[in-house]
Amino acid sequence: MLGGGIPYGRTILVEGPPGVGKTILSLHFLIDGIVKNPKSPERGLFISLDEDPVDIIHEASVFGWNLEKLRNLGELFIIDSYSGRVGLRTKFVPAVPLKDSFDPETVLDLLEKICVEKKVKRLVVDSLSALIDGIEGKKRSKMIMKLISLCKRLSLTTFLTTGLGEDSGIERYGTHGVIRMSYSRDGNKTGRMLEIVKMRETPHYMGNIPYNIGKDGIELEIL
Ligand SMILES: Nc1ncnc2c1ncn2[C@@H]1O[C@H](COP(=O)(O)OP(=O)(O)OP(=O)(O)O)[C@@H](O)[C@H]1O
Ligand SMILES: [Mg+2]
């Protein structure tokens, strides 16, 4: 669909309704960066804001992805930003510290620290919606643009997941590419489909491609 894949060092928005597979696609992207490049694995960082990372690790194991092993090898890093956001203490390391109120700046600081120290190449923020939850207007746009420019400065290839927003959302204009995941209906049967809405600098397939969530993760049906 992309004639060569996701462009290096760019930030891509992955948008779609609940349960469509945004988290699984994002994990698949991180895992592939490591296991499909055995000679020079691209280190990945997953920032978990929507789910407890312990649950993420368990969910991934169903697809044969051993996140704990990759963490122990120093190839994958996970930040628990979920517990701090919902006001829970956590034993997970690293985690965004529990404060009176959730501060996205703390997440960005920890993100930068880990990416620089560990030479991270691929980043997932799951989800952008949770990171900026409660921030409105100009402050919201500013925070999104700050995150996008930080990712660019750190030369990260990034997936930001989000629910379906309004068309005017700055995240859709400010990012390099937009991948939309959605549900399709055929009689009583519900399917899933994926569309490249935009990908700057890249000729790409225009249209929806059905996909399944199978035993190996996201599986696109052949074009
Ligand atoms: N092992 C599996 N095999 C097949 N399908 C699965 C499997 N595990 C999860 N799913 C499907 O994937 C969905 C969850 O995917 P995922 O968590 O990536 O969605 P999401 O878009 O991130 O949702 P949310 O917006 O709620 O975070 C489930 O609702 C289920 O339909
Ligand atoms: Mg999710």
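Two strands are said to pair if DSSP finds at least two bridges between them, and helices (H or I, at least four residues) and strands (E, at least two) are themselves DSSP runs, numbered from the N terminus. The structure described here is a predicted model, in which local features need pLDDT of at least 70 and side-chain atom pairs count only at pLDDT 80 or more, while totals for chains, interfaces and linings use all residues. Residues are numbered from 1 along each chain as its sequence is written, and chains are lettered from A and ligands numbered from 1 in the order in which they are written.

## The sheet

By this definition of pairing, strand 2 (residues 44-48) is joined to strand 3 by 5 bridges, and the two strands run parallel. Within this pair, Gly 44 stands opposite Leu 76 of strand 3. Strand 2 is also joined to strand 4 (residues 122-126) by 5 bridges, again in parallel, and here Ser 48 has Asp 126 as its bridge partner. Strands of a sheet pair through backbone hydrogen bonds, either parallel or antiparallel.

The whole sheet is open and mixed in its pairing, with 9 strands in the order 3-2-4-5-1-6-7-8-9. Strand 3 (76-80) and strand 9 (217-220) stand at the edges with a single partner strand each, so one side of each has no neighbour in the sheet. On average, neighbouring strands are turned by 25 degrees against each other, direction ignored; axes are lines fitted to C-alpha atoms, for helices over the stretch in contact, and angles run from 0 to 180 degrees between N-to-C directions.

How many residues of strand 3 are buried? A residue is called buried if 20 or more other C-beta atoms lie within 10 Å of its own, exposed if 12 or fewer, and partly exposed in between, with C-beta atoms placed from the backbone. In strand 3, 5 of 5 residues are buried. Leu 76, Ile 78 and Asp 80 point one way from the strand, whereas Phe 77 and Ile 79 point the other way. In a regular strand the side chains alternate between the two faces of the sheet.

## Helix 1 and the ligand

Helix 1 (residues 22-35) lies across several strands, among them strand 1 (11-15), strand 5 (157-162) and strand 4, and runs at about 165 degrees to strand 4. The expected span of a helix is 1.5 Å times one less than its number of residues, so the 14 residues of helix 1 should span 20 Å, which agrees with the 20 Å between its end C-alpha atoms. Because 10 of these 14 residues are buried, helix 1 is largely enclosed by the rest of the structure; the buried residues include Lys 22, Leu 25, Phe 29 and Gly 33.

Thr 23, which lies in helix 1, counts as buried because it has 22 C-beta neighbours inside 10 Å. Apart from neighbours within four places in sequence, Thr 23 is in contact (C-beta atoms, placed from the backbone, within 7 Å) with Asp 126 and Thr 161.

Thr 23 is also one of the residues around ligand 1, a shell that includes Gly 16, Gly 21, Lys 22, Asp 50 and Ile 213; a residue is near a molecule if its C-beta atom, placed from the backbone, lies within 6 Å of it. Helix 1 gives the largest share of this shell, 3 residues. By class, the shell has 5 nonpolar, 4 polar and 2 charged residues, where Ala, Val, Leu, Ile, Met, Phe, Trp, Tyr, Cys and Pro count as nonpolar, Asp, Glu, Lys and Arg as charged, and the others, Gly among them, as polar.

## Backbone details

Most residues other than glycine have a negative phi, and most peptide bonds are trans. The table lists some departures from this.

| Place | Value |
|---|---|
| Val 93 to Pro 94 | cis, omega near 0 degrees |
| Asp 126 to Ser 127 | cis, omega near 10 degrees |
| Ser 155 | positive phi of about 55 degrees |
| Glu 201 | positive phi near 70 degrees |

Pro 94 is in the loop between helix 4 (82-86) and helix 5 (104-118), and Ser 127 is in the loop between strand 4 and helix 6 (128-131). Ser 155, in the loop between helix 7 (137-153) and strand 5, is exposed, with 12 other C-beta atoms within 10 Å. Glu 201, in the loop between strand 7 (189-199) and strand 8, counts as exposed with 8 C-beta neighbours inside 10 Å.

Notes. Two residues are in contact if their C-beta atoms, placed from the backbone, lie within 7 Å.
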